[in-house]
Amino acid sequence: MRFNPEISRELSQRVNAKLGECYTNAFRALPMLPGSLYIEGYAILDIGMIVEHGWIECRGETIDPTWPEGALWYEPGLKYSLGELLNALANVPEEVEEIELPIFYRFGLGGNRSPEMREANRRALAHIGVEL
């Protein structure tokens, strides 16, 4: 998927994006791009570090309002349309005390009970040369 720095910068400014708040930044930017998807997964930084991260995918492009210059690589795990995300936030499981982002927190540490997050983690590790 191609990274779009122009739209990323524009949305970063429009939502007043803050570092360390990638899930909130992506959530706030999502309605500004009709047909887009909110993504939770892993980003690989240019130093080879893998981090949990949230961004948007729209029309075959990666949009990142938190890091408008982009990460080295993105591995998506969970994907939600705006409607699906709002539904997920409204239907908080009993064991979760409050509505929160990221959604993958509902699946244990690092989202390890989510097949999508486990696969995204495996792909991210493989991208930096680590096979499990």
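Start by colouring the protein by burial: in this predicted model, 44% of the 132 residues are buried. Switch on the accessible surface next, and you are looking at about 7,300 Å², with 53% of that area belonging to carbon and sulfur atoms.

**The whole chain**

Go back to the C-alpha trace and turn it along its principal axes, where it spans about 40 × 35 × 25 Å. How does the radius of gyration fit a compact globule? The value is 14 Å, and because a compact globule of 132 residues would come out near 14 Å, the two agree. If you like contact maps, try one here: of the contacts between residues at least 6 apart in sequence, 60% join residues at least 24 apart.

**The elements**

Now show the cartoon. You should find four helices and five strands. Walking from the N terminus, the elements come in the order β-α-α-β-β-β-β-α-α.

**The sheet**

Select the strands. Which order do they take in the sheet? They form an open sheet of five strands, β1-β4-β3-β2-β5, and the pairing is mixed. The edges are β1 (2-3) and β5 (73-80), each of which pairs on one side only. As a reminder, strands of a sheet pair through backbone hydrogen bonds, either parallel or antiparallel.

Zoom in on the β1 edge and add residues 61-63, which are strand β4. β1 and β4 run parallel here, paired over two bridges. Pick R2, and opposite this residue you will see E61 in β4.

**Two helices across the sheet**

Keep β1 and β4 in view and add residues 5-14. This is helix α1, lying across both strands and running at about 30° to β4.

Then move along to residues 115-127, helix α4, which lies across β2 (37-44), β3 (50-58) and β5. The angle between α4 and β5 is about 175°.

**A last stop at E57**

Finally, select E57, which sits in strand β3. Is E57 buried or exposed? Its relative accessibility is 9%, and since buried means under 20%, E57 counts as buried.

Show the side chains around this glutamate. Which partner makes a polar contact with the E57 side chain? Look for K79: the two side chains are joined by a polar contact of 3.3 Å. To complete the view, display the residues that E57 touches beyond its neighbours within four places in sequence: M1, S36, L37, I39, P76 and, once again, K79.

Key:
Residues numbered from 1 in each chain as written. Predicted model: local features only at pLDDT ≥ 70, side-chain atom pairs only at ≥ 80, totals over all residues. Heavy atoms only, no water. Pairing = 2+ DSSP bridges. Contact = heavy atoms within 4.5 Å. Axes fitted to C-alpha atoms, helices over the stretch in contact; angles between N-to-C directions. Rg over C-alpha atoms; globule rule 2.2 N^0.38 Å. Buried < 20%, exposed > 50% of the residue type's maximum accessible area, 1.4 Å probe, protein only. Areas by Shrake-Rupley, 256 points an atom, 1.4 Å probe, with all protein chains shown as cover. Polar contact = N/O pair within 3.5 Å; in protein donor to acceptor, adjacent residues only side chain to side chain.
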